[in-house]
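Work through the exercises below with the sequence and the structure in view. Each task is followed by a solution that goes step by step.

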Amino acid sequence: GEADEASVAAAATGDGAEIVTTEQQLNEILQTALADQQDLPISDVSVRLDPGAIVGSGKLALGFFNAAVQLSLGLSAVDGKVIPTNIEILLDGKPVPAMLQSQVDAMTAPLIEEASRADYGFYVESVEITDDAIRIVGK
């Protein structure tokens, strides 16, 4: 699709604002973001939406270590911003080993920081994740 097609559609509802991002748009945004990161040790990344959670999966390669990685997180509205919550990472279906936890944290920290810095142009009041879209409602 064209870039403007993938851009997030904001529909004004009265004096509020609503952003709906579909699973497909999310994958397009993700691929674009990953294309800028040359040295990420992750490939075959895709995202799906479950009720209440965003679930991303891919293949992780750190040195000799290879694993299927799955990241799931919820979203909450905090102080007018969208903040990731309940971040859970599984490697080959198991929790991250302690020795790799700091590397994983280093990879997820920028995502959280970026999310908390994002400016939606309005005060976010609620975030809802259904199995096909994320709805952000604000004023």
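**Exercise 1: the span of a helix**

Task: check whether the distance between the end C-alpha atoms of α2 agrees with the span expected at 1.5 Å a residue.

Solution: In this predicted model, helix α2 has 14 residues, which at 1.5 Å a residue should span 20 Å. The end C-alpha atoms of α2 are 21 Å apart, and this agrees with the expectation. Along the same helix, the buried residues are Gln25, Leu26 and Asn27.

**Exercise 2: the sheet and its helices**

Task: find the order of the strands in the open sheet, and then say which strands stand at the edges.

Solution: Begin with the order of the 5 strands, which is β3-β4-β5-β6-β7, with antiparallel pairing. Because β3 (42-50) and β7 (94-95) each have a single partner strand, they stand at the edges, and one side of each is left without a neighbour in the sheet. Next, take β4 (residues 53-62) and β5 (residues 65-78), which pair in the antiparallel sense over 9 bridges; Ser57 has Gln70 in β5 as its bridge partner. Helix α2 (residues 23-36) packs on the sheet, where it touches β3 and β4, and its direction makes about 155 degrees with that of β3. Helix α3 (residues 98-117) also packs on the sheet, touching β4, β5 and β6 (81-91), with its direction at about 160 degrees to that of β6.

**Exercise 3: confidence**

Task: over which residues does pLDDT stay under 50?

Solution: The mean pLDDT of the protein is 83, and 89% of its residues reach 70 or more. Over residues 1-13, however, pLDDT stays under 50. Where pLDDT is low, the predicted coordinates should not be read in detail.

Technical notes. Residues numbered from 1 in each chain as written. Predicted model: local features only at pLDDT ≥ 70, side-chain atom pairs only at ≥ 80, totals over all residues. Heavy atoms only, no water. Pairing = 2+ DSSP bridges. Helix = DSSP H or I, 4+ residues; strand = E, 2+ residues; numbered from the N terminus. Contact = heavy atoms within 4.5 Å. Axes fitted to C-alpha atoms, helices over the stretch in contact; angles between N-to-C directions. pLDDT = per-residue confidence, 0-100. Expected span 1.5 Å × (residues − 1). Buried < 20%, exposed > 50% of the residue type's maximum accessible area, 1.4 Å probe, protein only.
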